[in-house]
Amino acid sequence: MPMTTPIVCRSAEELYSRAADAVAVTAERAVAARGVFSVALSGGTTPRSLYELLATDQYRSRIPWGNTHVFWGDERCVPPTHPDSNYRAAHDALLVHVPIPPANVHRLRGEEDAPEAAASEYERTLREFFLVEPGQAPPFDLLLLGMGDDGHTASLFPHTDALREERRTVVANFVDKLAAYRLTITPPVLRSAREVLVLVSGGAKARVLRDVLESPLDVDTYPSQLLRTSGGTVTWMVDAEAASLLSGTPG
Ligand code: 6PG
């Protein structure tokens with residue numbers, strides 16, 4: 001498996017503008033080809049500036065919001081109004097500022113008392129939208145992902161059960177280090193996306209980014225290495241600080 005060469009941006013500002021361009025181009029192409037653009041958003045802090053940029057006049061008009069369907073790759077087990085909610089982060093930074101029909105926003109119901117029930121409900125949502133059979137992974141046009149400083153992506157954390165899930169598409173994954181469940185898409189969904197865009201920013205991620213991209217395959221330790229087996233196009237877009245330890249980066 002050839003080593004992945006990320007797109008290295010000189011600054012966080014360049015990272016977000018290039019990411020916004022990539023999202024807009026993918027959206028335009030998806031709607032031209034299939035009449036719809038399906039995107040799964042990531043949580044955390046990295047994508048917030050991207051969401052805010054997509055909500056500006058410069059980008060808002062480039063995305064066909066009426067044909068765009070928004071999903072999430074993972075969610076915390078909290079209500080949608082909670083500060084930790086990935087839905088709330090995207091809602092406040094992007095969705096309230098663009099003309100996307102409410103029916104096109106498909107959130108994971110983190111507020112459910114039973115996380116596993118919320119996961120099963122979302123699997124049904126995905127099956128019904130993508131018209132796939134149980135156990136068949138949905139082909140998102142774009143899977144937007146981040147990476148934690150422990151190498152996790154979505155809520156596929158190191159040494160957790162969801163890393164070995166090959167049949168389900170959404171599960172409730174108990175994360176010991178958080179002492180909490182997270183709702184997350186599973187490895188088959190990472191593999192079935194037409195395009196994956198992974199955004200990584202900041203020096204705190206430099207070491208793990210080098211390990212994820214350059215170390216031998218060890219998914220249990222570095223879950224983001226699952227992307228090496230994706231069937232679609234995987235683009236790592238990183239800023240110079242995050243890229244500072246990569247072997248191809250000038251010292
Ligand atoms: C989440 C995200 C998660 C995130 C990484 C990076 O729910 O937290 O989906 O996978 O992308 O944890 O988070 P930061 O962008 O905050 O570093």
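In this predicted model, V170 belongs to strand β6, which covers residues 170-175. The residue counts as buried because its relative accessibility is 1%, well inside the range that the cut-off of under 20% sets for that label. Setting aside neighbours within four places in sequence, the contacts of V170 are L108, A119, Y122, E123, L126, T184, I185 and T186. V170 also shows how the chain folds back on itself: E121 is 49 residues away in sequence, yet the two C-alpha atoms are 9.0 Å apart in space.

One of those contacts, Y122, leads on to the aromatic residues. Y122 joins F71, F129, F130 and F140 in one aromatic cluster. Across the structure there are eight aromatic pairs. Take F71 and F130, whose ring centres are 5.7 Å apart with 35 degrees between the planes, a tilted arrangement. This pair ties together distant parts of the chain, with F71 in strand β3 (residues 68-72) and F130 in helix α5 (residues 115-130), 59 residues apart. Both partners are tucked away: F71 counts as buried at 0% relative accessibility, and F130 counts as buried at 13%. F130 pairs with F129 too, and here the planes stand at 80 degrees with the centres 4.9 Å apart, so the pair is edge-to-face. F129 itself has a relative accessible area of 24% and is therefore partly exposed.

Strand β3, home of F71, is part of an open sheet. Six strands make up this sheet, in the order β1-β9-β8-β5-β2-β3, and their pairing is parallel. At the edges lie β1 (7-9) and β3, each of which pairs on one side only. Direction ignored, neighbouring strands are turned by 20 degrees against each other on average. In general, strands of a sheet pair through backbone hydrogen bonds, either parallel or antiparallel. Between β2 (residues 37-41) and β3, which run parallel, there are five bridges, and V39 stands opposite V70 in β3. Helix α5 packs on the sheet and touches both β2 and β3, its direction making about 155 degrees with that of β3. The tilted pair of F71 and F130 thus has one ring on β3 and the other on α5.

A further ring has a charged partner. The charged end of R107 sits over the ring of Y87, 5.6 Å from the ring centre.

How values were computed:
Residues are numbered from 1 along each chain as its sequence is written. This is a predicted model: local features need pLDDT of at least 70, side-chain atom pairs count only at pLDDT 80 or more; totals for chains, interfaces and linings use all residues. Side-chain values use heavy atoms; hydrogens and water are left out. Rings of Phe, Tyr and Trp (its six-membered ring) pair if their centres lie within 6.5 Å; planes under 30 degrees apart count as stacked, over 60 as edge-to-face and the rest as tilted. Helices (H or I, at least four residues) and strands (E, at least two) are DSSP runs, numbered from the N terminus. Buried means under 20% relative accessible area, exposed over 50%, partly exposed in between (1.4 Å probe, protein chains only). A charge sits over a ring if NZ of Lys or CZ of Arg is within 6 Å of the ring centre and within 35 degrees of the ring normal. Contact means heavy atoms within 4.5 Å. Two strands pair if DSSP finds at least two bridges between them. Axes are lines fitted to C-alpha atoms, for helices over the stretch in contact, and angles run from 0 to 180 degrees between N-to-C directions.
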